[in-house]
Amino acid sequence: MADELLTVTDVMARLKLGRSTVYDLIRSHRLPSITIGRSRRIPAAAVGDFIRNQLAEAA
């Protein structure tokens, strides 16, 4: 589903990163997110975009 929203824990598992690193990426606007109530959600497409950007920077 293209509009899927992931939790920080989901993103941690997908990227194999720690909680602090994921929040640092959000805080630095390298990983877009939205807040719903007190919950932080990251669009699945944003995670894919982040990975593609990292690959492009590494090339």
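Start by selecting helix α1, residues 8-15: Val8, Val11, Met12 and Leu15 are buried there. Look down the axis next. These four side chains cover an arc of only 105°, which puts them on the same side of α1. Keep in mind that this is a predicted model.

**What covers the helix**

Leave α1 on screen and add its surroundings. Which elements cover its buried residues? Among them are the strands β1 (5-6) and β3 (39-43). The helices α2 (19-27) and α3 (44-58) are also included in the cover.

**Just past α1**

Now step off the end of the helix. Lys16 follows α1, and its place is in the loop between α1 and α2. Check the backbone there. Phi of Lys16 is positive, near 55°, in a residue other than glycine. Why look twice at that sign? Most residues other than glycine have a negative phi. Is Lys16 buried or exposed? Lys16 has a relative accessible area of 71%, so it counts as exposed, the cut-off being over 50%.

**A second positive phi**

Move on to His29. You will find it in the loop between α2 and β2. His29 is not a glycine, yet its phi is positive, about 65°. Its side of the story on exposure is short: with a relative accessible area of 71%, His29 is exposed.

**The sheet**

Select the strands next. How many strands form the sheet, and in what order? There are 3, arranged β1-β3-β2, in an open sheet with antiparallel pairing. Find the edges: β1 and β2 are the edge strands, because each pairs on one side only. Then zoom in on β2 and β3. They run antiparallel and are joined by 3 bridges.

**Ile36, from strand to surface**

Stay on β2, residues 34-36, and pick Ile36. What stands opposite Ile36 in β3? The residue to select is Ser39. Ile36 is partly exposed, with a relative accessible area of 47%. That value falls between the limits of 20% for buried and 50% for exposed.

Finish by adding Leu5 and Ile34 to the selection and turning on the surface. Together with Ile36, they form a nonpolar patch. The accessible area of the three together is about 240 Å². Ile36 qualifies for the patch at 47%, since members need over 30% relative accessible area.

Notes
Residues numbered from 1 in each chain as written. Predicted model: local features only at pLDDT ≥ 70, side-chain atom pairs only at ≥ 80, totals over all residues. Heavy atoms only, no water. Patch = residues over 30% accessible without salt bridge, like charges linked within 9 Å, V, L, I, M, F, W, Y side chains within 5 Å. Areas by Shrake-Rupley, 256 points an atom, 1.4 Å probe, with all protein chains shown as cover. Salt bridge = Lys/Arg side-chain N within 4 Å of Asp/Glu carboxyl O. Helix = DSSP H or I, 4+ residues; strand = E, 2+ residues; numbered from the N terminus. Buried < 20%, exposed > 50% of the residue type's maximum accessible area, 1.4 Å probe, protein only. Arc of directions from axis to C-beta. Contact = heavy atoms within 4.5 Å. Pairing = 2+ DSSP bridges.
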